[in-house]
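Thank you all for making time this morning. I would like to walk through one structure with you, and I will try to be explicit about the criteria as I go.

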Amino acid sequence: MVARLLLRSWFRGLAVGLGGPCRLLSTGFEPSQYLQRSIVPTMHYQDSLPRLPIPKLEDTIRRYLSAQKPLLDDSQFRKTEELCKSFETGIGKELHEQLVAQDKQNKHTSYISGPWFDMYLTARDPVVLNFNPFISFNPDPKSEYNDQLIRATNMTVSAIRFLKTLRADLLEPEVFHLNPAKSDTDTFKRFIRFVPSFLSWYGAYLVNAYPLDMSQYYRLFNSTRLPRPHRDELFTDDKARHLLVLRKGHFYIFDVLDQDGNIVSASEIQAHLKYILSDNSPAPEFPLSYLTSENRDIWAELRQKLVSGGNKETLRKVDSAVFCLCLDDFPIKDFVHLSHSMLHGDGTNRWFDKSFNLIIAKDGTAAIHFEHAWGDGVAVLRFFNEVFKDSTQAPAITPQSQPASTDSSVAVQKLNFKLSDALKTGISIAKEKFDATVKTLTIDYIQFQRGGREFLKKQKLSPDSMAQLAFQMAFLRQYGQTVATYESCSTAAFKHGRTEAIRPASIFTKRCSEAFVREPSKHSAGELQQMMAKCSTYHNQLTREAAMGQGFDRHLFALRYLAAAKGISMPELFLDPAYRQINHNILSTSTLNSPAVRIGCFAPVVSDGLGIAYAVQDAWIGCNVSTYQGRNAREFLQCVEKALEDMFDALEGKTIKS
């Protein structure tokens, strides 16, 4: 089923560019310039992808009330139930009919795509911490390749190979294979490439293969989120051939593609990066990067001052760069230090508006930090996995490689910005705000080593559901409450799909959590096992529904957006304190599993919340948690560990320790 897409490796997370580039002719194909040479064109399935369905209004209301049940007392629930009934038969019905009619007029996209872009681009909060996450790479298995210069060169070349492969339509389409023995074969690929694009998805479906939306890939390279008053703009210039490099707050650019579109030799790239790493200039007194951490309206105003102050062309070079490579001058100490460095750093050596920053520390620790408006984890994780695989299995240079004998002082341009007193003041204020905010953020990490996916599957339990249950138990133990919880889920199986929310807090998890935390002695191990099984079954149902576009969050969001767009008085349902509460996600969670991924992290989405990045591996469970002041990350993780110990004890038939 399409829903099983969500059980594979990507952020389930935080759609544009309809036209794909022309496919290159096969003559003159040079393997060193590309990652792969797909038999099936990259965008072959795009035209025939199924459309994201709009759920029936009655189903959305039923699912919404089910999610509210564990969060409200009886009188609050009755009030919300009445508002839902009134909405379903009144203004909600009218809005739903208008949404369906509007969707029928826009078959080239999904009903959520436009509103979702607006949600991100009209947000005025800084992108750093509020929206941008990171994913870090595992070290190169060959330790000598983790030298900063070697890894930066190899990852840069692999990233540009990805770009070239994508734009030549030679990148393998993103497909979820339920029966790879039938569908992930050269025989099938040779057949499906001749099926017209408007039918190709159906051909894949017949062999249990599900192509995914790839429209977001267009914004992966040469793209930047530009600050504008009230609503930001996504900018892309796919003609630009240069790389942006940040080091110690300084900006450098050099071409990584020549005039014919070929990748500059790896030895030249190595020479240019070595030249940048040898620059002993002190850090600038007013690092411009701080401005990308500002409130978006303030940043928009300051950017206009930059443009009018003679920096227009220099900014254009930053915005149009293929991507931003950040070279840090310190090694990584541990996972907590890694998370702080890659999530926010010190503010001087990141361009937070870039579609992504590839960050490489002094010891070769590497990560992707990405801006979220342009796309979700599916595109980023595909790029991430391909870069890791290519840079470790087919590295462009070795530790013995010598940099090219080239004059990097000519090829590398150091960018200088003309800063007025007003801009210097703006940078200083941005730095103060950034430093103050970062000081309030705590990140902590655990690895539960007693077992993971393999053990839970033997118990016929969903590993993801058990991780989510542990979070519910932990919060109940720590704070005595069940609160709004969000798990991101991709809807990339549909044209221009984005994400849907799974709501892990349910009447089943609440009942089970209370049994484990408040009265474990009253229940036998068998009874606790039955409760866990019910949690797993229900969570699997929610996951399937969300992946199929049958959640309630996006539908209600679109109806609310439509009411605001049409100037209709806001329906009472959306003014209900219960609606505000369920959208104040105190537990915001996201999972990722990939052989290339070491750890990921994002900040809480509300000031009194927790950001929980987690992974259930074969033999262990990892959990990386961020909090602001007012919540205790270390204590929460201790409660998560206690919850997992209790759950594993119950599954092994042991008595739960109080």
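I will take the aromatic rings first and the enclosed cavities afterwards.

What you see is a predicted model, in which local features need pLDDT of at least 70 and side-chain atom pairs count only at pLDDT 80 or more, while totals for chains, interfaces and linings use all residues. Residues are numbered from 1 along each chain as its sequence is written, and side-chain values use heavy atoms, with hydrogens and water left out.

If rings of Phe, Tyr and Trp (its six-membered ring) are paired when their centres lie within 6.5 Å, with planes under 30 degrees apart called stacked, over 60 edge-to-face and the rest tilted, the count comes to 30 aromatic pairs. In one of them, Phe 137 and Phe 388 have ring centres 6.4 Å apart and planes at 20°, so this pair is stacked. Phe 137 counts as buried, at 1% relative accessibility, where buried means under 20% relative accessible area with a 1.4 Å probe, protein chains only; Phe 388, at 12%, also counts as buried. Elsewhere, Tyr 64, Phe 87, Phe 552, Phe 574 and Tyr 579 form one aromatic cluster.

Turning to the cavities, by which I mean sets of points on a 1 Å grid over the protein atoms alone where a 1.4 Å probe fits but cannot get out, lining residues having an atom within 4 Å of a point: which residues are the closest to the centre of the largest cavity? Of the 15 that line it, they are Arg 63, Arg 503, Leu 542, Glu 545 and Phe 552. The second largest cavity has Arg 503 and Leu 542 in its lining, which also includes Cys 535, Tyr 538 and His 539.

Terms used. Buried means under 20% relative accessible area, exposed over 50%, partly exposed in between (1.4 Å probe, protein chains only). On a 1 Å grid over the protein atoms alone, a cavity is a set of points where a 1.4 Å probe fits but cannot get out, and a pocket is an open set with protein on both sides within 12 Å along at least five of seven lines; lining residues have an atom within 4 Å of a point.
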